[in-house]
Amino acid sequence: MSAPDHDAIPLLRRGFRLQWEPAQQAHVLLYPEGMVKLNDSAAQILTLVNGERSVADIVATLHQRFPEVPDLEADVLDFLEAAHGNHWLTER
Amino acid sequence: MATTGSPNAEIRPGPPLWLLAELTYRCPLQCPYCSNPVDFADQGQELDTGQWLDVFAQARAMGAAQLGLSGGEPLTRPDLVELVSGARELGYYSNLITSGMGLNRDKVRALADAGLDHIQISFQDAEEAGNQLMAGSRKAFQHKLEMARAVKAHDFPMVLNIVIHRHNIDRIGDIIQLCLDLEADYVELATCQYYGWAHLNRQGLMPSRAQLQQAEQTVADYRRRLEEATNPCQLIFVVPDYYEERPKPCMNGWGSMFLTITPDGTALPCHSARQLPIDFPNVRDHTIETIWHRSPGFNHFRGDAWMPEPCRSCDEKHEDFGGCRCQAYMLTGDAANADPVCAKSPHHHTIVAAREQAGTPLDQVPPLTYRNERNARLIYRG
């Protein structure tokens, strides 16, 4: 799978839901008979995935929030690629 | 055994993340591999709507996020839409696990409007005759096809579940193709696990090793084709543990994250545990908090202090927890023993014998006993 296009607009796949779970003190991704507990960076990225923001928008927003993080863009692209590979995301 | 307190009470488990609500044991089908208890006809009265909603709320407050609505056939509950709606308000991800019998287009729409997240429909085979042989119903197959299409039309993610056994395993390619034609998002090819009615019918259901290897090859071929076509459909092939040499980490450990509530309100650490000689608590008498943290039933096999040899000194005991307590009980008579699937178990020969029996020609095998009330009463007369 190739790295996502900057203009692509990712969207959670049908049947996937992201929500904050107080008992786990974490965001989780819920899908048919499955649940993935997300770490902080994965949650930061996925909460920006709304079917409207492009990959470039997501990277820019995270840059503003975390200007001190090196290689942020590469990390975001890697994560989105993996999320696509897991079929968590589709594109509009 | 049941009233000796809780030897492992000091072990504090995490929350019950998964709640399986077996709403009813009623079902129009008669599948001979049903995981319901073989004495289901003698169980107590079903919880009512208010009691179920209260169970949902209590478990959710403790951290349950995934909710399975199962049975029996959950669609026989007239209050199903109300229960789904309540679950959605609480923030659950709700999964309806159904045979599709009792479903119609209006019901699919009502469930979607109530906030149901996902529908899993079970098929018995890729063809009408095979479906009828297992389900004991003539009309089921066509109806299931129609309902699968209705589920997709309402934009639900769809899991199709097919229990695999010696009668249909050679058609696994056709079964996968049917699921792809129906645009399933996930296909669960669940080779029979031998609990409940399936244990009773094991000889008539268990595939041979050769059949299994051929099926694995077919599944691998389809996976490769799906990947090449970037088709997101996932094939989940559950291999029967009777062909393993190490046991499965059953339920990810006893009372570690799964909570099953049976139709009459009995709380179990897994949906098969009712058969064990352990006194399990009921939601009519105790809160979920008490049941999960303080009941002797749920604390019974937590931790590892209960393990006899060979588990006690085994360096894999925290990976597989000694396997499945129900399987240990069914095959050795003592639920604390190592699951005989494990090659280190002194009872492993029972598994080996079952594998050898699996090749027995069908005409030398006892006929399948179908899951219905009459048979349930015949088998468990006392």
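Biologist: What share of the 382 residues of chain B count as buried?

Modeller: In this predicted model, 49% of them do. A residue gets that label if 20 or more other C-beta atoms lie within 10 Å of its own.

Biologist: Why is chain B called as compact as a globular protein of its length?

Modeller: Chain B has 15 helices and nine strands. Its radius of gyration is 21 Å, and the globule rule gives 21 Å for 382 residues, so chain B is as compact as a globular protein of that length. Along the principal axes, the C-alpha trace of chain B spans about 55 × 50 × 45 Å. As for contacts in chain B between residues at least 6 apart in sequence, 73% of them join residues at least 24 apart.

Biologist: On to the helices. What makes helix 6 of chain B roughly parallel to helix 9 of chain B?

Modeller: Take helix 6 (residues 172-181) and helix 9 (residues 209-228), both of chain B: their axes cross at roughly 30° and come within 9 Å. Angles under 35 degrees count as roughly parallel, so that is what this pair of chain B helices gets called. The crossing of helix 6 past helix 9 in chain B is right-handed.

Biologist: Which residues make that contact, and how do they divide by class?

Modeller: Helix 6 of chain B brings Ile172(B), Gly173(B) and Ile176(B), while helix 9 of chain B brings Ala215(B), Thr218(B), Val219(B) and Tyr222(B). By class, that is five nonpolar, two polar and no charged residues. Gly counts as polar here, so Gly173(B) goes in with the polar ones.

Biologist: How many residues does each chain put into the contact between chain A and chain B?

Modeller: Chain B gives 18 residues and chain A gives 13 residues. The chain B side divides into nine nonpolar, six polar and three charged.

Biologist: Let's go to single residues. Why is His286(B) called partly exposed?

Modeller: His286(B) has 15 C-beta neighbours inside 10 Å. Exposed takes 12 or fewer and buried takes 20 or more, so with 15 His286(B) counts as partly exposed. You'll find His286(B) in the loop between strand 9 (267-268) and helix 10 (288-294) of chain B. Leaving aside neighbours within four places in sequence, His286(B) is in contact with Pro281(B), Ile291(B) and Ser295(B).

Biologist: And what makes Asn252(B) exposed?

Modeller: Asn252(B) has 12 C-beta neighbours inside 10 Å. The cut-off is 12 or fewer, so Asn252(B) counts as exposed. Asn252(B) sits in the loop between strand 7 (234-238) and strand 8 (258-261) of chain B. Its phi is positive, about 60°, although Asn252(B) is not a glycine.

Biologist: Why does Asp71(A) count as exposed?

Modeller: Asp71(A) has 8 C-beta neighbours inside 10 Å, so Asp71(A) counts as exposed by that cut-off of 12 or fewer. Asp71(A) is in the loop between helix 2 (55-65) and helix 3 (72-85) of chain A. Phi of Asp71(A) is near 55°, a positive value in a residue other than glycine.

Biologist: One last topic, peptide bonds. What is omega for the cis bond that joins Gly71(B) and Gly72(B)?

Modeller: Omega is about 10° there. Gly72(B) lies in the loop between strand 2 (66-70) and helix 2 (80-90) of chain B. The peptide bond from Glu309(B) to Pro310(B) is cis as well, with omega near 5°. Pro310(B) is in the loop between helix 11 (296-299) and helix 12 (317-320) of chain B.

Note on methods:
Residues numbered from 1 in each chain as written. Chains lettered and ligands numbered in written order. Predicted model: local features only at pLDDT ≥ 70, side-chain atom pairs only at ≥ 80, totals over all residues. Axes fitted to C-alpha atoms, helices over the stretch in contact; angles between N-to-C directions. Helix = DSSP H or I, 4+ residues; strand = E, 2+ residues; numbered from the N terminus. Parallel < 35°, antiparallel > 145°, perpendicular 65-115°, else oblique. Left-handed = near helix turned anticlockwise from the far one by under 90°. Contact = placed C-beta atoms within 7 Å. Rg over C-alpha atoms; globule rule 2.2 N^0.38 Å.
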